[in-house]
Amino acid sequence: MGWGDLYTNASYDGAPLTLLVDGQERTFDTGLFAHAPSTICYNDIQDFGYETFESWVGVGASARTEGKSARVVFKVMGDGEVLWESSE
């Protein structure tokens with residue numbers, strides 16, 4: 001985990017989880033917040049009856065100030081291979 005802890009259903013400051021989606025802020029009732037650099041692992045999700053993984057990722061609205069945002073890359077890995085990678 002990067003700076004701080006892993007937070008569930010809120011940002012580190014208690015604010016709602018909010019991302020920019022197609023230029024509009026979208027608030028999520030559930031989700032995870034982690035400060036970079038971080039790694040969050042879900043091991044063997046099939047053992048829990050899951051067959052798919054779906055996620056929204058991005059830099060939270062609380063991290064954007066004066067039109068500036070952090071530069072980050074998100075990766076989804078499975079069986080040691082990159083299955084999806086965001087652009088910066």
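Select Leu32 to begin: at 37% relative accessibility, this residue counts as partly exposed. Leu32 is found in strand β4, a strand that covers residues 32-33. The coordinates on display belong to a predicted model.

**Around Leu32**

Keep Leu32 selected and add Ala10. The two are 22 residues apart in sequence, yet their C-alpha atoms lie 7.2 Å apart in space. Which residues touch Leu32, once its neighbours within four places in sequence are left aside? The contacts are Leu6, Tyr7, Thr8, Leu17, Ile40 and Tyr42.

Next, select Leu6, Leu32, Ile40, Tyr42 and Phe53 together. These residues form a nonpolar patch on the surface, and their accessible area adds up to about 480 Å². Leu32 thus appears both as a member of this patch and as a residue of strand β4.

**The whole chain**

Now display the entire protein and colour it by secondary structure. How many helices and how many strands are there? The protein has zero helices and six strands, and from the N terminus on the elements run β-β-β-β-β-β.

Switch to a colouring by confidence. The average pLDDT of the protein is 84, and 86% of the residues score at least 70. Among the strands to examine, β1 (residues 7-8) marks the highest confidence, at 94, while β2 (residues 17-21) marks the lowest, at a mean of 87. Where pLDDT is low, the predicted coordinates should not be read in detail.

A surface view comes next. The protein exposes about 7300 Å², of which carbon and sulfur atoms supply 47%. Of its 88 residues, 15% count as buried. In addition, among the contacts with a separation of 6 or more, 41% are between residues 24 or more positions apart.

**The nonpolar core**

Hide the surface and select Leu17, Leu19, Val21, Phe28 and Phe33. These five residues make up the largest nonpolar core. Strand β2 contributes the largest share of this core, with three residues. In soluble globular proteins, nonpolar side chains tend to be buried together.

Focus on Phe28, which is found in strand β3 (residues 24-28). Is Phe28 buried or exposed? Phe28 is buried, because its relative accessible area is 14%, and the limit for a buried residue is under 20%. Apart from its neighbours within four places in sequence, Phe28 is in contact with Leu17, Leu19 and Trp56. To follow one of these pairs, select Leu17 with Phe28: they are eleven residues apart in sequence and 5.4 Å apart in space, C-alpha to C-alpha.

Move to Leu19, another member of this core. With its neighbours within four places in sequence set aside, Leu19 is in contact with Gln24, Glu25, Arg26 and Phe28, and also with Trp56, Val57, Gly58, Val59 and Gly60.

**The loop between β4 and β5**

Select the loop that joins β4 (32-33) to β5 (75-78), where Asn43 has its place. Three of its residues deserve a stop.

- Thr39 lies in this loop between β4 and β5. Thr39 counts as exposed because its relative accessibility is 60%. Add Lys75, which is 36 residues away along the chain; the two C-alpha atoms are separated by 9.5 Å.
- Tyr42 also has its place between β4 and β5. At 52% relative accessibility, Tyr42 counts as exposed. Tyr42 is one of the residues of the nonpolar surface patch.
- Asn43 counts as exposed, with 60% relative accessibility. Asn43 and Asp79 are 36 residues apart in sequence, and their C-alpha atoms are 9.8 Å apart.

**Two residues with positive phi**

From Asn43, the tour passes to Asp79, in the loop between β5 and β6 (81-85). Asp79 has a positive phi of about 50° although it is not a glycine. How accessible is Asp79? Its relative accessibility is 84%, so Asp79 counts as exposed.

Finally, select Asn9, in the loop between β1 and β2. Asn9 is not a glycine, yet its phi is positive, at about 65°. With a relative accessibility of 41%, Asn9 counts as partly exposed.

Note on methods: Residues are numbered from 1 along each chain as its sequence is written. This is a predicted model: local features need pLDDT of at least 70, side-chain atom pairs count only at pLDDT 80 or more; totals for chains, interfaces and linings use all residues. Side-chain values use heavy atoms; hydrogens and water are left out. Helices (H or I, at least four residues) and strands (E, at least two) are DSSP runs, numbered from the N terminus. Buried means under 20% relative accessible area, exposed over 50%, partly exposed in between (1.4 Å probe, protein chains only). pLDDT is the predictor's confidence in each residue, from 0 to 100. A nonpolar core is a set of buried Ala, Val, Leu, Ile, Met, Phe, Trp, Tyr and Cys residues joined through side-chain atoms within 4.5 Å. Contact means heavy atoms within 4.5 Å. Patches are made of residues with over 30% relative accessible area and no salt bridge: like charges are joined within 9 Å, nonpolar side chains (Val, Leu, Ile, Met, Phe, Trp, Tyr) within 5 Å. Accessible areas come from the Shrake-Rupley method with a 1.4 Å probe; for residues, only the protein chains shown count as cover. A salt bridge is a side-chain nitrogen of Lys or Arg within 4 Å of a carboxyl oxygen of Asp or Glu.
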